Amino acid sequence: MSKKVNEFQILDANDAELMRISREGTLSLNLNEMYTIQSHFKTLQRNPTDVELETIAQTWSEHCVHKTFKSMILYSEDGKETEQIDGLFPTYIQRATEEIDKPWCVSVFSDNAGIIEFDDKFNLVFKVETHNHPSAIEPYGGAGTGIGGVIRDSLGTGLGAKPILNTDVFCFGLPDTPYDKLPKGTLHPKRVFKGVVAGVRDYGNRMGIPTANGAILFDSRYTANPLVFCGNVGLIPINRCDKSVEPGDLVVAVGGRTGRDGIHGATFSSAELDDTSENLGSVVQIGNPIMEKKIVDALIQARDRNLYRSITDCGAGGFSSAVGEMGEDIGAEVHLERVPLKYEGLAPWEIWLSEAQERMVIAVPPEKLEELQTICESEMVEATVLGSFTDTHRLQVFYEGDIVADLDMEFLHKGLPQHVKQAVWQPSQHPEMKSRDSQTDNYTEDLCQLLASPNIASKESVIRQYDHEVQGGIVIKPLVGIENDGPSDACITTPVIGSEKAVIVANGINPKYSDVDAYLSAASAIDEALRNIIAVGGTIDKTALLDNFCWGNPDKPDRLGPLVRAAKACYDIATAYGTPFISGKDSLYNEYRDTTIGEQRAIPSTLLISAICVMDDIRNAVTMDVKSPCNLIYIVGNTYAELGGSHYFAIHDYIGNKAPIVRSDEGKLTMDTLSDAISNGLVRSCHDCSEGGIGVAAAEMAFSGGCGMSLNLSNVPTGEDISSDDFLLFSESNSRFLVEIEQENQDKFVNHMAQVPIGCIGTVTDTSEFIVTGITGKRIVDTSIDILKSAWQTPLHS
Amino acid sequence: MKPKVLILRTAGTNCDTETDVAFQLAGAETELAHIQNLISGKVDLTDYQILAIPGGFSYGDDISAGILLAIEMKYKLRDSLHQFVADNKLIIGICNGFQVLVRTGLLPGLENGKSEDSTDITQQTTLAMNTSAKFECRWVELETQQSPCIFTKDIKPHLYLPVAHAEGRFTAPNNVLDELESNRQIVLRYTANTESSDNTEYPHNPNGSDADIAGICDTTGRIFGLMPHPERFLTKWNHPRWTREDLPDEGDGLAIFKNAVKYAQANFS
């Protein structure tokens, strides 16, 4: 036994001691798990070394195995009898994909990212990750390594995909939070905002990957727990999508050196934050985008010359996770003293667990090593042989000749006991807001307020800091319109320059609805993501989804209940629309414990749905900016009095109780018919109706196109009787679009849409006036597009 | 025969693929080569007629944009580079490549910039941090100037191209600016594309460049550097407003690469 390793005395430890070991080691293992480990080592009649226990803790961490989504859940909804759910993931996410069974799904949920077909030469990979806890403590480094990590997921999928697009979605506290209201030990939302944006900018731009889709949301409950979602799309040759590992293959580490940074990142992400978390500096990694670019340049060449059989990234858990996963079915042997270090003095377990960035592990047949090393040298990247894969079915780690870990792969990967968790859900009851028609007959001010609310306001100042043109493929930009500053519904890229075949990427997210019901929030997120795909010219039948759940502590039944609701919605709506999930991730324990008042705060239940669609011909794309005066404005889809969790209610400090429902039969018919109309060239512009309803969507279309608009609400088709102007104008009902139609195409369009509720609600004008007439004939909005645009552009301008 | 273009790569280069495509569409034969392979002699610069230094963040733009690659070229490729220039061959630097050419002194390459031992030239101008103090990605209107530049020969009077950089503010002492003016070395200027393009304000001049300078050439017109990205506007689908405007299929950027290929065909085959 090497002097450099210690044993954890667990054989005779009692419950209290077991939990102390777990807590003091930041292992995030619960008592039941500690028992399992204890009894395993009792059969071996020895204590585990620090390397062994750390390896188990990392392998069994929520971050790496997603215990909660696999656990047995006893779920009770008020009034109903308790339901037993054997794993949210298999029951709702995986099953949806299996039942939808799309032939173009190449690989789902198995590799580092999902893979779908693109054309006859290439497939697409797509993955979205979160990096919330690190970004809360060190926004710049946390966000930068977040994007760096998800890029390595693409590079670690199949035999390695070339990264072609980044996406990012952030949730922050309110920018105007008074400093004296800041929870102890947390950074001000503005500081987090600036740091996160700069982190993603500097990493993505240096990597030469366009960042062309995203969203930024604000809510006071994100102040202590900001959310940072980073996504990457990659392009991979169809014959490079499978990986395998053979005994005798060399374990080769490629890329950056190993230091003490990012230790315990995997287990730390299962901890709630409090005012001491800021002291955990070493759990945040340090990014170096140029190193990662060199790795991509070298490995893509090695991939095309078949120099390795398998690849994965060193993410959470470092070598422990990477080698452990690659050797799961056969075994592996690693010699830690061979690992190139940034500096001396690391204990063996630190080398093994370090989450130092920009490192990949590949399985190299010995005869290919020399050629691989030549490529790496010419690209100025270090490639080091750490050991080899074996047929022992054991994970054996050596340090200077001594064995410091000797673990049974079966126990390591299958030994984790299934958790049993309680979940409860009570429908919430909020004060209901009435229409304000009796108090006012002018909603101009409300419309300006909505446009200025931070979730809706222009994000141009952020978007321009990202290089969204690099690689020369982005054909529908994040900013569109006559002055290149309107909010595009989605971005489109043509990864093969010169080909018309394109990829659409969009997202949907609306945590406000989860204050009413997480089911409706999740359902609406899917509908919104699909609307954004349709709005630029995509089709549902070529669209795949990613799910990223960010939740509070799932060990608390009232936090887990909404997670069950959201998962059920994912199954119901995805199967109804026929859009499979190809990858996903969850980040739980997003809670802050205020040690001063002992209060516990969770983030709003937040589900991000990312959508990716293969588009056959870029020429069918449309944008949201109105094109020319005299064209007609139609609304497509029924409006309901659904303002629960809406932005309109929010600006009047209400939540309400009727959040938008997804009526997937109506929704699917609407979207399919509309996307036909678009590909037939009947639609000049199209914008999805979401936050702020018809009012905000119409205003955005008008000022982005530099034309005025005159609308009349009496022609809005409704699914129920709505007699108030504000509800019609600001309802956030799902599956609705505003479209611009040329007069000569009016009949064709109306005939085409015969099966779908539509209404001609106005025209594009050659003035700058923006006018809305209410159902009783009163002018309820009377302003100019310049006023609306400046209301929308000013808030987040700098 | 097709002219041969060498597209120089190093750690942090990231616009090499689209630059490669641009030259191929223009009718050239292209090779992507890492500077290590030029230094080691695996790749020989004399085999090529056009050298392209693409955009990106060479060596992370540590110290300042492009300087490390510039030093490497100046001292490790010194002779072959001087030979390449002496042979009247073409060099284009785009964005980070422009920053590199400026830091080597190859641009603007003024006579008085040459030191006694003649062959070595020193840096006379710079590309500084944008006045907005941040990286910005946006499309800009450009006015092509009367100049000896090979790459912009007979090109449209106005070009529309994207910029994406943090260090693009061209600045130089007044006497140098005057000399560039009198030598007609200013190739591209940012413009508001209005009648009075004399005072072009942000964001039309996206970085605060002196005299709205977006691109310059050397006195011979064979070495060209610009901050905007012509390789990002090869087809009309790259244009930010193709869904609302009637545009030719070919993007504004392609002509720059075609001019280079045409010159090389005329002079080296």
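**View 1. Strands S1 and S17 of chain A run side by side.** In this predicted model, strand S1 of chain A, residues 72–77, lies parallel to S17(A), and six bridges join the two. One pair to look for is A:Glu77, whose bridge partner in S17(A) is A:Trp425. If you like to step back from the pair, S1(A) is the middle member of an open sheet of three strands, ordered S2-S1-S17 in chain A, and the pairing in this sheet is mixed. Its edges are strand S2 (83–86) and strand S17 (420–425) of chain A, each of which pairs on one side only. From one strand to the next, the twist averages 25 degrees.

**View 2. A helix packs on the sheet of three strands.** Here we add helix H19 of chain A, residues 557–577, which touches S1, S2 and S17 of chain A. The direction of H19(A) makes about 80 degrees with that of S17(A).

**View 3. Seven strands of chain A form an open sheet.** Reading across this sheet, the order is S11-S13-S9-S14-S12-S15-S16 in chain A, with mixed pairing. At its edges are strand S11 (310–313) and strand S16 (402–408) of chain A, each pairing on one side only. Ignoring direction, neighbouring strands are turned by 25 degrees against each other on average.

**View 4. Strands S12 and S15 of chain A pair in the parallel sense.** Strand S12 (residues 332–335) and strand S15 (residues 394–399) of chain A are linked over four bridges. A handy landmark is A:Glu333, which stands opposite A:Gln396 in S15(A).

**View 5. Helices H14 and H11 of chain A meet strands of the sheet of seven.** Helix H14 of chain A, residues 369–378, packs on the sheet and touches S9, S13 and strand S14 (383–389) of chain A. The direction of H14(A) makes about 150 degrees with that of S14(A). H11(A), for its part, lies across strand S9 (250–255) and strand S13 (359–364) of chain A, and runs at about 130 degrees to S9(A).

**View 6. Chain A meets chain B.** The contact takes 33 residues from chain A and 31 residues from chain B. On the side of chain A that touches chain B, helix H9 (189–207) and helix H11 (289–304) of chain A each supply at least two residues. The largest share of that side, four residues, comes from H9(A). Sorted by class, the side of chain A that touches chain B has 12 nonpolar, 10 polar and 11 charged residues. You have already met H11(A) in the previous view, where it lies across S9 and S13 of chain A.

Key. Residues are numbered from 1 along each chain as its sequence is written. Chains are lettered from A and ligands numbered from 1 in the order in which they are written. This is a predicted model: local features need pLDDT of at least 70, side-chain atom pairs count only at pLDDT 80 or more; totals for chains, interfaces and linings use all residues. Two strands pair if DSSP finds at least two bridges between them. Axes are lines fitted to C-alpha atoms, for helices over the stretch in contact, and angles run from 0 to 180 degrees between N-to-C directions. Two residues are in contact if their C-beta atoms, placed from the backbone, lie within 7 Å. Ala, Val, Leu, Ile, Met, Phe, Trp, Tyr, Cys and Pro count as nonpolar, Asp, Glu, Lys and Arg as charged, and the others, Gly among them, as polar.
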